[in-house]
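Please open the model in a viewer with the chains coloured separately. The tour below moves from one selection to the next.

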Amino acid sequence: MMPGTRYPPMVIWAARDIQRHCGRSMLLFACLASLVFLTAMALLFSQALDATWERLMDQAPDLVVRRIDGGGWAPLPVDVAMACAKKIPGVIDPTPRLWGVVPGPEGPVTVVASIAVVPESMLKGIPPPSAGQAVVGQGVARALSGGRLSLGSNHSVTVSVIHTFPADTGLATHDLVWMTPDDARPLLGLVPGQASDLAVHLFRREEERAIQADLAAAFPWPVRITDRSTSALNHHTRAVRSGGIAVVAGIPALLALLLIITGTVVDNTARQAYWGLLKSMGWTTADMVRLQVSRAMIVGIPAVVLGLASAYAAVFYPPAAGITAFWVTGGQHLPALTLVSSGAAMVMIEIAAMVGLPFLAAVFLTTLRAADGSPWTLLQADPWN
Amino acid sequence: MELNAGLVCRGLNFRWPGKNADEPPVLEAVEAVFAQGTVSLVTGNTGSGKSTLMHLLAGLLHPTAGEVWADGQPVSRWPSRHRDPWRRQVGIVFQHLALIPDLTVGENLLLPMIPRPITWSRMQEEIRRQLEDAGLSALADAPTNTLSGGQRQRLAIARALVARPRFVLADEPTAFQDDHHAARICAQLCDIAREGAVVVIGSHDPRLRSFDGIDRRFHLASATLTGAAVNQGAP
Amino acid sequence: MYRPFAEKNYRYPAPCRGARRLLIIAITASMLLGIATAADLLRRIAHQDDGASAWMRTMNFSAPALWTAGSPMRHPETVHPGVDLRFSAGLVTAP
Ligand SMILES: Nc1ncnc2c1ncn2[C@@H]1O[C@H](COP(=O)(O)OP(=O)(O)OP(=O)(O)O)[C@@H](O)[C@H]1O
Ligand SMILES: [Mg+2]
């Protein structure tokens, strides 16, 4: 038995027909694959960015309280702030935060110090920094010289880097410099007993609005409170927008698809004599539709799968992902792009359907139209006549 | 009895669409019975309408009046969704052959088999048999456009016969053949008729007129078909 | 008698070898690519950035490090609510 003989003869013949029109089939394959690649890449990227954001934002504090005065942001006295926050029902674990953006050797870094002790289960072998030491993220470690890091412009502080956060935590730690509170305070312009702001978790998230008002009233100085929803919402608009851009950018590609389909129509009318001959030999219109649909699938399925797989690789594989991000966001710098892939399957199925179904429908309809003539009229298209 | 087996023309009229009404029609009031198991020869001058009659019998053209019956069924009245599958019982040899030049000889024979519910290896078996009958076995892999005119014609006949049709319509099947091959083709068509097929040959080849396997002779002239005796020599 | 060519034609006069090869390539290539992608997707879904989430939680960060330090998207809590992030210079270049 030779390989491949167990396929239905109609499918083998469809492959033979593809082979006869090799150039056209290759063109169709390339167009379909690149169309799928472009749309899938754009949509997968914005979907993945969105999913990643949502997943991480779920861990963020519900509210952040910052003190303001006439000059802008002001340091927050920890004891007073904690006492005020704890009075509000529904507020759980108010935590003072010590952090700030500080100029580093290669652009700004985020300096953090945790007042509470980080649990051993979190550290997984990372030594917590003691005085004069720091643990840094991958993005900072790259710019390091000789294990020492100089930070700040006015009150310069130099620390020795004892460890680097692992790459798989990059989405949280990429630009971090983690040091002791005592090292951090002069950099951040704080005195002992002061914090940058206060992070608050809520017992019930739905009460966000109401508690925001209570909190604002509870502090003895003016504060500004940001909630998760405004920042998440802002981000969401952005992600949807970049998806929208992708769709707009996809329009020329869709036009190209239209051209391909018109090409198939032309192909069909040029092949009228072939259809007429087949009809005179007992082929029905249904047989011809089966032939053309098999042809479309033999070219279309590998093209769609290839387009999807390469889009997937371009979004989720780190070196390629950076280029993709740069391209999709229009040159914006997104470090440490390790995106969450939940929901990616759905996007890929959607795109396969979005491209595949109109293509199959077009093939189906044009074949019906081309083959449903009287066989004699079709035969007249034979150049012999 | 004859009505129920074979191809029957009843009051068949045909006029090309778009031609003047005062011009004579190609076929007028044609009454004929092409019985099962017989070989019928239709002769006539060039342009008399032999090919047109073949196309009408094959259900490729619509008669302007009258009907074509096949095995007691009014095929010419059927809508195309019924007539298209019926054509699987017809094997037609076109006067201009209508082979596909860029396919190989074997693949041309595969064409009528593809939509039929038989396995791939069975198809290959039938093609092999047909190639042997046509004397083209050695050329199975050759592209059709490398064949000689006579070989192409034998291939066209093989394609008409490969799916074992019930109605065989051969338009000038011996036009490009030498005497030896012409006789072989006639013998082949006779064999098929003996197995129960209806064979109609349209030809003005004088070699066929004297061939003794022919059961009935018809002559087409000035749009009318005149039938003749069975196997008793032409009038 | 051994007749290799006659033998070949004898058994498969219309083999359509190229077509069947094409078919096999198309089917296996699609399956391989599809399975590889699906497997990678499942593998990723099974264990994903839990480290990052945990550090977000421990350090009480308000936003992930998707953007560079100092950009408003990285520290949304420092932005005055009157500022619409969508129009921040350098943040979203395309409208
Ligand atoms: N497509 C066509 N459109 C209009 N008239 C046609 C067409 N084909 C043939 N005819 C006319 O129909 C008549 C019969 O043609 P047909 O081809 O049936 O003749 P024939 O008997 O087969 O001739 P030959 O022996 O040369 O093959 C001719 O007068 C021809 O001019
Ligand atoms: Mg003729």
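Select Tyr274(A) and Trp275(A): both are buried, that is, under 20% relative accessible area with a 1.4 Å probe and protein chains only. The model is predicted, so local features need pLDDT of at least 70 and side-chain atom pairs pLDDT 80 or more, while totals for chains, interfaces and linings use all residues. Residues are numbered from 1 along each chain as its sequence is written, chains are lettered from A in the order in which they are written, and side-chain values use heavy atoms, without hydrogens and water.

Add Arg20(A) to the selection. Its charged end sits over the ring of Tyr274(A), 5.2 Å from the centre; the criterion is CZ of Arg or NZ of Lys within 6 Å of the ring centre and within 35 degrees of the ring normal. In chain B, Arg10(B) lies over the face of Trp69(B), at 4.5 Å from the ring centre.

Next, turn to the aromatic pairs, of which the structure holds 10 over all chains; ring centres of Phe, Tyr or Trp (its six-membered ring) must lie within 6.5 Å, with planes under 30 degrees apart counted as stacked, over 60 as edge-to-face and the rest as tilted. Select Trp178(A) and Trp55(C), an edge-to-face pair at 5.6 Å centre to centre and 70° between the planes. Trp178(A) belongs to strand E9 of chain A and Trp55(C) to helix H3 of chain C, so this pair joins two chains; strands (E, at least two residues) and helices (H or I, at least four) are DSSP runs numbered from the N terminus. Both Trp178(A) and Trp55(C) are buried. Finally, add Phe165(A), which ring pairs link with Trp178(A) and Trp55(C) into a cluster.

Key: Buried means under 20% relative accessible area, exposed over 50%, partly exposed in between (1.4 Å probe, protein chains only).
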